[in-house]
Amino acid sequence: MKSKFLRKTFATALFGVLAIGSMQASATTTLSYQEHSGLDVSDAWLFSTGGGNGNTHDDIVWYEHPSGVTPPAGTYDTIAWSYASTNQGLGNVGFDPFAVTGNSDQIYSGLRVLGWSGMVSTGFDPITFGPWEKISTLYHKNSAINAAAATLASALIYSELYIGSHIDPNGIPITFTETLNVGSCPLGNPNGSICDDLFNFPGSGLAPITFVDGGKTYYAEFKIDEFNNSVTNYPCSGPACTVWTAEGVTSDLSIFMRIREVPEPASLALVGLGLFGLAGLRRRRNA
């Protein structure tokens with residue numbers, strides 16, 4: 001009887017070990033991705049405050065930059081704000097606000113978001129993530145403008161992320177504060193510039209997702225990294241994350257994604273059965 005039990009236990013353990021080995025021997029899966037990102041210029045999201053003439057579409061201009069992946073319909077990759085007399089209420093203008101320099105009434109602050117495309121891979125087994133891949137970059141041109149100029153108050157970064165055959169639409173609302181660079185810096189100055197500007201966004205906008213492609217289920221995680229001339233409290237503990245950007249320069253940060261396969265329930269059951277068999281064999285040997 002004892003010999004029969006040991007044979008059954010050993011067979012169960014061997015079966016489970018083979019199942020684990022089969023899972024670990026599986027190759028990586030690689031999927032293509034495209035991140036279409038843009039700033040929503042509708043009245044529902046785009047607001048200005050401070051100087052200017054009080055009309056958002058007279059105080060803020062938007063523009064399409066040739067780099068990156070094409071933004072979703074109805075959005076633009078660049079918005080800029082400053083003096084209404086210079087903007088002239090043109091809306092979609094035929095110049096690049098990031099390149100405008102000169103006297104004080106031609107200086108703009110601006111945001112630009114560019115999506116990228118490429119390939120993203122899983123790890124070598126269903127419980128291991130593959131490498132992080134950059135999917136988009138957010139730039140902020142921080143110019144010294146004063147109270148006579150219009151300033152951005154809020155906007156929405158809208159994206160459509162294509163991973164394989166899956167489409168994940170997502171909107172991240174941001175509230176923006178343009179400092180006037182006078183007196184103290186009550187909102188913080190971690191970059192050590194004149195007075196940092198800052199924007200807030202909900203951390204939930206970077207929540208992980210689960211998606212299906214080609215009959216397989218995948219799990220994707222996101223993070224912010226590669227900060228240049230900017231500082232953040234991300235990953236934040238509260239509902240709002242903050243990014244501080246240095247005055248007088250263009251700062252940037254990027255969003256990254258990594259994926260792994262989600263094991264099928266049957267595979268997990270085989271692994272659990274194998275581990276149970278190994279534990280039973282170990283107990284019998286120790287008895």
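Modeller: Before we start, a word on classes: Ala, Val, Leu, Ile, Met, Phe, Trp, Tyr, Cys and Pro count as nonpolar, Asp, Glu, Lys and Arg as charged, and the others, Gly among them, as polar. Bear in mind too that this is a predicted model.

Biologist: Okay, so what does the lining of the largest pocket have by class?

Modeller: By those classes, 18 of the lining residues are nonpolar, eight are polar and two are charged. The lining has 28 residues in total, and those nearest the pocket centre are Asn170, Ile172, Gly205, Leu206 and Ile255. Ile is on the nonpolar list, whereas Asn and Gly are not, so Asn and Gly count as polar.

Biologist: Which elements give two or more residues to that lining?

Modeller: Several strands do, among them strand 1 (30-40), strand 8 (133-141), strand 13 (216-228) and strand 16 (250-261). Strand 10 supplies the largest share, with five residues. As for volume, the pocket comes to about 360 Å³.

Biologist: What makes something a cavity and not a pocket?

Modeller: In a cavity a 1.4 Å probe fits but cannot get out, whereas a pocket is an open set. One cavity of 30 Å³ or more turns up here, and the largest cavity has a volume of about 40 Å³. Its lining includes Leu111, Tyr139, Phe199, Ser230 and Asp252. Strand 8, strand 15 (240-245) and strand 16 each give two or more residues to it. By class, that lining has six nonpolar, four polar and one charged.

Biologist: Why is Thr29 called buried?

Modeller: Buried means under 20% relative accessible area. Thr29 has 14%, so it counts as buried. You'll find Thr29 in the loop between helix 1 (2-25) and strand 1.

Biologist: What does Thr29 touch, leaving out residues up to four places away in sequence?

Modeller: Its partners are Val120, Ser121, Thr122, Lys216, Tyr218 and Glu261. There's also a long stretch of chain between Thr29 and Arg260, 231 residues, yet their C-alpha atoms are separated by 8.7 Å.

Biologist: And why is Glu226 called partly exposed?

Modeller: Partly exposed sits between the buried cut-off, under 20%, and the exposed one, over 50%. Glu226 has 39% relative accessibility, so it falls in that middle class. Glu226 is in strand 13 and has a positive phi of about 55° although it is not a glycine.

Biologist: What makes Asn229 partly exposed?

Modeller: Same reasoning: Asn229 has 40% relative accessibility, so it counts as partly exposed. Asn229 sits in the loop between strand 13 and strand 14, and its phi is positive too, about 55°, although it is not a glycine.

Biologist: How do you know that strand 12 and strand 13 pair?

Modeller: Pairing needs at least two bridges between the strands. Strand 12 (residues 209-213) and strand 13 have five, in the antiparallel sense. One pair is Ile209 with Ala220 in strand 13. These strands make a hairpin with two residues between them, and Gly214 in the turn has a positive phi of about 60°.

Biologist: How many bridges join strand 13 to strand 16?

Modeller: Nine, and these strands run antiparallel. With at least two bridges as the cut-off, nine make a pair. Across from Asp225 you'll find Ser254 in strand 16.

Biologist: One last thing: what joins Tyr234 and Pro235?

Modeller: A cis peptide bond, with omega about 0°. Pro235 belongs to the loop between strand 14 (230-232) and strand 15.

Methods:
Residues numbered from 1 in each chain as written. Predicted model: local features only at pLDDT ≥ 70, side-chain atom pairs only at ≥ 80, totals over all residues. Heavy atoms only, no water. 1 Å grid on protein atoms, 1.4 Å probe; cavity = no way out; pocket = protein on both sides within 12 Å on 5 of 7 lines; lining within 4 Å. Points joined across faces, edges and corners; volume = space filled by probe spheres on them. Helix = DSSP H or I, 4+ residues; strand = E, 2+ residues; numbered from the N terminus. Buried < 20%, exposed > 50% of the residue type's maximum accessible area, 1.4 Å probe, protein only. Contact = heavy atoms within 4.5 Å.
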